[in-house]
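Dear colleague,

I am passing on the structure below, and I would be grateful if you could look through it with the notes that follow. They go from the surface to the charged pairs and then to a few single residues.

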Amino acid sequence: MPSTDQTTNVMRIQRQTPWQIQKAVVFAVLIRELRTRFGRYRLGYLWAILEPISLIVILSAVRLLFGENEIAGLPFPVFFASGITAYLLFNHITTSSLYAVESNQGLFNYQRVKPFDVFFARALLELLISTSTAAIILPALYCLGFHFTINNTLLLIAVVACLFSFSFGIGLIVGIVGPLWRESQKIIPVLIRPFFFISGIFFAVGDVPENLQGLALVNPLLQATELLREALFLNYQSHEGSLFVLFCWALFTLFLGLGFYRIMGKSLITSGKIR
Amino acid sequence: MIEIRNMTKSYSVEGGRHYVFRSVSACFPEGANIGIMGPNGGGKSTFLRILGGIDHPDSGSIRTNKTFSWPLGLRGGFVSHLTGRENCKMVSNLYGVHPRKIRAHLDQIKELSGIGNYFEEPFHTYSSGMAGRVGFALSMAFDFDYFLIDEITSVGDAAFKRQAKQALEDKASRSKVIMVSHNMADLHKFCDIGVVLLDGELKVYDNLDKAIRAYLPKQTTDVPDPEERQRVVEIEALGLGKIDIPGELTKLTESVASLLRSIEWQLEQPNPTIAGEDAEFYADLASVYLRLGDFPKASEWHLRAVQENRFLLRSHTALSNLSERTQNFTDDNSRVSAIEAIDIKHLGGRMARLRILFRQGDYDNALELLECIFEDHPKHATAWNFYAKALFLLGRLDEALQAQIKAIQHGEQRTQHAAEVPGFYLQLSQILAASGNISTSAQAAYKAYLDPKQDPSARFSDVHETLQMLDERISV
């Protein structure tokens, strides 16, 4: 009688605490995102690291033409690597949030999955990818002879946390606006692109003309790259970034994003709202 | 308990809003399987999604402490380039299956889905039937309080549907279904109570048939005549698709046969002693044979009963009823007269007289007699069946159809008529065929063929009990 003890293995839907559910859901979505992102191609994982490397190589090649080999006391591949990591983290979190709801529509068939989980899982995945690529690229550069000394680990953690919160806050906003107002999905990437040029990927704040420095430092991403380099490298010569400003930005956007989600999040999974 | 309060749900359409629900309130009783019916675009699927917590009303609320599955029948919940196993693993992760149990859990889903090693293949290689099977098996691996089913027909073929019904029945003590379907037969199979979604309203009926009767007249607008429409509805409400396959009977029938052999053997011994009246004993034995379908033996024992006690009305009636089956009409009239001599109003006697009138082809007198019977027994299903038959034979098809439906309705309400109900359906099928309604006629015939109330195991356990009792009364 094979059918009789089929019921013994049945999973009782337990009353789990909200925290347990949240953990289980984010974990499940994260694993799924990981598989959809990288599972499809054989070079999937490699691509995650090729993107920053190719940017470093191109930028380094351009710099070589100018004949310099140091920016603000740092060998330039190391300088670019840190800037690009910070920028890509922000860029990937915001752009992947933009389509997070649509590409995970099927998941919302499961009552436990809410749009927030999808946004958070995507952001978390980007954080994991960025930190692990940085953890590969920077030591690799060190081995290639571009020497640097780590300065302040605590500051590093604080900066990464602030940058993550800032990006996640923006990601929440664009992720909610995107599906509700489809045109924005074309506009927002265009708005994000200029940050590549003004966020200190290939310049230090010290290189900016004095009268423009104040204006440039309004950009929280520039603050983040400055602080990141300050935390990472002992001999970085520019110390213009302010953790307090970055922290305020992070708090502000996170608050805004969560507030936005609180008001509009439900309509993402309400039929008749999304066109 | 599911309580809906002032729920409003609308969609924007060109030139305004389309209201699916307009501030509806309702309360679903505990522990019932719920069938939801309504026209296309009537909000059935939306309602399921709202219950399942994956869609939201514009205003109002749903209060419940139950857990709901995701709506089954949707393919959307799976990622196409992941394998069946990976997909199921993801959902199991979502619902917090312990990592140590997950392998056994997934193997069990694989077994229940019955798709074998396709389980390890990417989802986009699946046919829609296979996808449905995996979705169903996956949800069955969890104990939700309610399973939400959106058109079970989308979940697979007939064999799988049977399997699905079995799986749901195994869970019936803990889990119920809420089901959307256009197919009344499917609703009949799974549901106890009905919910009708129509014109922005939601109505709960405590009985599925009532819901169908309330819903169908508004849907059968292609039938112009209102009386005719009512008939269509009543025929539909009989649930002609409610068909079950009988279970295994061998064990019961064996013990019935051995008991019967033992009783016969004891009766053949010289001077058996019987506790109680001999005539009653023989009549009981005869009725056992009647139930088993052995008519010659049944009349033999009834005759013996009458010989013992010539006032035994029960056996007289049975004999005149049996005369048709055994083609032995001798003494029929005198037997009926004997009954009437004892009690002119005796129902059995009147029914026996009726059979004689039918045999003689005197349908007009039969109708008259039947109307007298209805005065005393307005809900006598067998009488209504005869009434329909007489009308049918006289060519009055519309009246016959109505009478036949009454026969079935009354017959289904009383368990004592259960055995006759398939015969009623068969006659319904004939009447429908004669009035040109071939497809419904076929359904009725099929229903008669596999009537769920004609449960052979129940019949045999009945017989078994009687035989045991008889066996105890006799000793050699």
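On chain A, the residues L43(A), L46(A), W47(A) and L50(A) make a nonpolar surface patch of about 430 Å². Please keep in mind throughout that this is a predicted model. One member of the patch, L43(A), lies in the loop that runs between α1 (18-38) and α2 (44-66) of chain A, and L43(A) is exposed, because its relative accessible area of 56% is over the 50% that the term requires.

A second patch, this time on chain B and of negative charge, is formed by D364(B), E368(B), E371(B) and E375(B). Of these residues I looked further at E375(B), which is placed in helix α15 (residues 363-376) of chain B and which, with a relative accessible area of 67%, is exposed.

Chain A as a whole

The secondary structure of chain A consists of 11 helices and three strands, and along the sequence these elements follow the order β-α-α-β-β-α-α-α-α-α-α-α-α-α. Chain A has 275 residues, of which 49% count as buried, while its accessible surface comes to about 13800 Å², with 69% of that surface belonging to carbon and sulfur atoms. When the contacts in chain A with a separation of 6 or more are considered, 76% of them are accounted for by residues 24 or more positions apart.

One example of two places that lie far apart in the sequence is offered by Q237(A) and L74(A), which are 163 residues apart along the chain, although their C-alpha atoms are separated by 8.3 Å. Q237(A) sits in the loop between α10 (220-232) and α11 (243-268) of chain A, and once its neighbours within four places in sequence are left aside, Q237(A) is in contact with A72(A) and G73(A). Even with these contacts, Q237(A) is exposed, at a relative accessible area of 59%.

Salt bridges

Side chains of opposite charge can pair when their charged atoms come close. Over all chains, the count comes to 15 salt bridges. Which residue of chain A does E86(B) pair with across the two chains? The partner is R35(A), and the closest N and O atoms of the two are 2.9 Å apart; the pair crosses from helix α2 of chain B, where E86(B) lies, to helix α1 of chain A, where R35(A) lies. E86(B) counts as partly exposed, with 23% relative accessibility, and R35(A) is likewise partly exposed, with a relative accessible area of 39%.

Within chain B, D55(B) and R49(B) meet through their side chains in a salt bridge with an N to O distance of 4.0 Å. Is D55(B) buried or exposed? D55(B) is buried, because its relative accessible area of 2% falls under the 20% limit, whereas R49(B), at 27% relative accessibility, counts as partly exposed.

A further pair in chain B is the salt bridge of R396(B) with E399(B), in which the closest N and O atoms are 3.1 Å apart. Both of its members are partly exposed, R396(B) with a relative accessible area of 36% and E399(B) with 37%. In addition, salt bridges that share partners join R85(B), D107(B), K110(B) and E120(B) into one network.

Single residues in chain B

E120(B), a member of that network, is also among the residues touched by T83(B), which, when residues up to four places away in sequence are not counted, touches F119(B), E120(B), E121(B), P122(B) and F123(B). T83(B) is found in the loop between β4 (59-64) and α2 (84-94) of chain B, and at 14% relative accessibility T83(B) counts as buried.

Finally, there are two backbone angles that you may wish to inspect. S23(B), a residue other than glycine, has a positive phi near 40°; S23(B) is placed in strand β2 (residues 16-28) of chain B and is partly exposed, with a relative accessible area of 43%. D199(B), which is not a glycine either, has a positive phi of about 50°. The place of D199(B) is the loop between β8 (193-198) and β9 (201-205) of chain B, and there D199(B) is exposed, with a relative accessible area of 72%.

With best regards

Methods
Residues are numbered from 1 along each chain as its sequence is written. Chains are lettered from A and ligands numbered from 1 in the order in which they are written. This is a predicted model: local features need pLDDT of at least 70, side-chain atom pairs count only at pLDDT 80 or more; totals for chains, interfaces and linings use all residues. Side-chain values use heavy atoms; hydrogens and water are left out. Patches are made of residues with over 30% relative accessible area and no salt bridge: like charges are joined within 9 Å, nonpolar side chains (Val, Leu, Ile, Met, Phe, Trp, Tyr) within 5 Å. Accessible areas come from the Shrake-Rupley method with a 1.4 Å probe; for residues, only the protein chains shown count as cover. Lys and Arg count as positive and Asp and Glu as negative; His and the chain ends are not counted. The place of a charge is taken as NZ of Lys, CZ of Arg, CG of Asp or CD of Glu. Helices (H or I, at least four residues) and strands (E, at least two) are DSSP runs, numbered from the N terminus. Buried means under 20% relative accessible area, exposed over 50%, partly exposed in between (1.4 Å probe, protein chains only). Contact means heavy atoms within 4.5 Å.
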